[in-house]
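Here is a friendly walk through one molecular structure, with the cut-offs spelled out along the way. Take a look at the display, then read on.

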Amino acid sequence: MPLHSDDLTPEEARRDHWDMLGFLALNATLGAALGFAVAFGIVWFDLGGVGTSLSRSSHPVLPTVMMAVPLALTFAAAVTASAVMNMPYRKKKQR
């Protein structure tokens with residue numbers, strides 16, 4: 001099977017896949033950090049009385065984790081999805 005001009009060699013394809021995985025991991029990490037920052041902001045600025053309720057609670061760690069982790073996962077998924085939609089495939093093939 002002959003290689004077309006836009007086909008990658010196995011080494012180039014492997015490097016391209018690792019580059020993509022790194023790109024997606026970076027975006028997921030930044031999204032999770034953004035989600036944790038939003039959760040921290042909700043507690044810090046006492047939005048909806050959440051900070052006050054947590055400070056009066058006898059066990060504030062579990063409710064904080066139950067709020068922060070889903071926010072971090074949601075933000076990570078949203079940022080990763082937007083990164084997938086904006087991946088530079090055409091630019092790589094035009095080089």
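In α3, the buried residues include Ala 68, Ala 72, Ala 76, Thr 80 and Ala 83; buried means under 20% relative accessible area, exposed over 50%, and partly exposed in between, with a 1.4 Å probe and protein chains only. These buried residues of α3 pack against α1 (10–44). Contact here means heavy atoms within 4.5 Å.

A word on the ground rules: this is a predicted model, where local features need pLDDT of at least 70 and side-chain atom pairs count only at pLDDT 80 or more, while totals for chains, interfaces and linings use all residues. Residues are numbered from 1 along each chain as its sequence is written, and side-chain values use heavy atoms, with hydrogens and water left out.

**Overall layout**

The protein has four helices and zero strands, giving the pattern α-α-α-α along the sequence. Helices (H or I, at least four residues) and strands (E, at least two) are DSSP runs, numbered from the N terminus. Of the 95 residues, 19% count as buried. Among contacts between residues at least 6 apart in sequence, 79% join residues at least 24 apart. The accessible surface comes to about 7400 Å², and 69% of that belongs to carbon and sulfur atoms; areas come from the Shrake-Rupley method with a 1.4 Å probe, and for residues only the protein chains shown count as cover.

**Helix α3 and its partner**

How far apart are the end C-alpha atoms of α3? They are 36 Å apart, which agrees with the 36 Å that its 25 residues should span at 1.5 Å a residue, because the expected span is 1.5 Å times one less than the number of residues.

On the α1 side, Asn 27 lies in the helix and is buried, with a relative accessible area of 15%. Leaving aside residues up to four places away in sequence, Asn 27 touches Val 79, Thr 80 and Ala 83. Thr 80 and Ala 83 are themselves among the buried residues of α3. Ala 78, also in α3, is 50 residues from Ala 28 in sequence, yet their C-alpha atoms are 8.5 Å apart in space.

Three residues fall into the partly exposed class:

| Residue | Place | Relative accessible area |
|---|---|---|
| Val 65 | helix α3 | 42% |
| Ala 78 | helix α3 | 46% |
| Asp 46 | loop between α1 and α2 (50–56) | 29% |

Asp 46 has one more feature to check in your viewer: a positive phi of about 55°, although it is not a glycine.

**On the surface**

Phe 36, Val 61, Val 65, Val 69 and Leu 73 make a nonpolar surface patch of about 460 Å². Patches are made of residues with over 30% relative accessible area and no salt bridge, joining like charges within 9 Å and nonpolar side chains (Val, Leu, Ile, Met, Phe, Trp, Tyr) within 5 Å; a salt bridge is a side-chain nitrogen of Lys or Arg within 4 Å of a carboxyl oxygen of Asp or Glu. Helix α3 (residues 61–85) gives the largest share of the patch, four residues.

The structure also holds one aromatic pair. The ring centres of Phe 40 and Trp 44 are 5.6 Å apart and the planes are at 25°, so the pair is stacked. Rings of Phe, Tyr and Trp (its six-membered ring) pair if their centres lie within 6.5 Å; planes under 30 degrees apart count as stacked, over 60 as edge-to-face and the rest as tilted. Phe 40 and Trp 44 both lie in α1, four residues or about one turn apart, and both are exposed.
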